[in-house]
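Please open the model in your viewer and keep the selection tool at hand. The tour proceeds from one selection to the next.

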Amino acid sequence: MTRIKRGYIARRRRTKIRLFASSFRGAHSRLTRTITQQKIRALVSAHRDRDKQKRNFRRLWITRINAVIRERGVSYSYSKLIHDLYKRQLLLNRKILAQIAISNRNCLYMISNDIIKEVDWKESTGII
């Protein structure tokens, strides 16, 4: 029986793995077994941190909106603003509100003042 040389296939597989780990340091970019372990670990971390990034951005937007709202009046807060937005059925998400808060504070003040006036008017007349 003749000898089958299969080194090319194995080498191609290893070089493909090494391309992924080319930016790693030390043995993590040179040794095949270590590269595969680090690749698994890197992909797990990337998957986990994509969800964490969404959480962190939402927290940042909420903080920005709350800071701008509390500048104008101490009694009015983020939670009341969001509650009044839902009461009025305005579909402005937190990302857009945070961009408005940073770029044009007066616009956010106008939105919150209009919401307060309409909600107070509805509560006083009993329309709700």
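A residue counts as partly exposed when its relative accessible area lies between the buried range, under 20%, and the exposed range, over 50%. This cut-off will be applied to aromatic residues in a predicted model.

**Aromatic pairs**

How many aromatic pairs does a search of the whole structure find? The search returns 2.

Select F20 and F24 for one of them. Their rings are arranged edge-to-face, at 6.3 Å centre to centre and with 90° between the planes. Colour these residues by accessibility: F20 has a relative accessible area of 34% and is therefore partly exposed. F24, at 24%, is likewise classed as partly exposed.

Next, select F57 and W61. This aromatic pair is tilted, with 35° between the planes and 6.0 Å centre to centre. Display the backbone as well: both residues belong to helix α2, which covers residues 32–72. They are 4 residues apart, about one turn of the helix. Are these two side chains buried, partly exposed or exposed? F57 has a relative accessible area of 39%, so this residue is partly exposed. W61 is partly exposed too, with a value of 22%.

**Charged surface**

Now switch to a surface view and select R6, R11, R13, R14 and R18. Together these arginines form a positive surface patch. To place one of them on the fold, return to the cartoon view and select R11, which is found in helix α1, residues 7–20.

Technical notes
Residues are numbered from 1 along each chain as its sequence is written. This is a predicted model: local features need pLDDT of at least 70, side-chain atom pairs count only at pLDDT 80 or more; totals for chains, interfaces and linings use all residues. Side-chain values use heavy atoms; hydrogens and water are left out. Patches are made of residues with over 30% relative accessible area and no salt bridge: like charges are joined within 9 Å, nonpolar side chains (Val, Leu, Ile, Met, Phe, Trp, Tyr) within 5 Å. Accessible areas come from the Shrake-Rupley method with a 1.4 Å probe; for residues, only the protein chains shown count as cover. A salt bridge is a side-chain nitrogen of Lys or Arg within 4 Å of a carboxyl oxygen of Asp or Glu. Lys and Arg count as positive and Asp and Glu as negative; His and the chain ends are not counted. The place of a charge is taken as NZ of Lys, CZ of Arg, CG of Asp or CD of Glu. Helices (H or I, at least four residues) and strands (E, at least two) are DSSP runs, numbered from the N terminus. Rings of Phe, Tyr and Trp (its six-membered ring) pair if their centres lie within 6.5 Å; planes under 30 degrees apart count as stacked, over 60 as edge-to-face and the rest as tilted. Buried means under 20% relative accessible area, exposed over 50%, partly exposed in between (1.4 Å probe, protein chains only).
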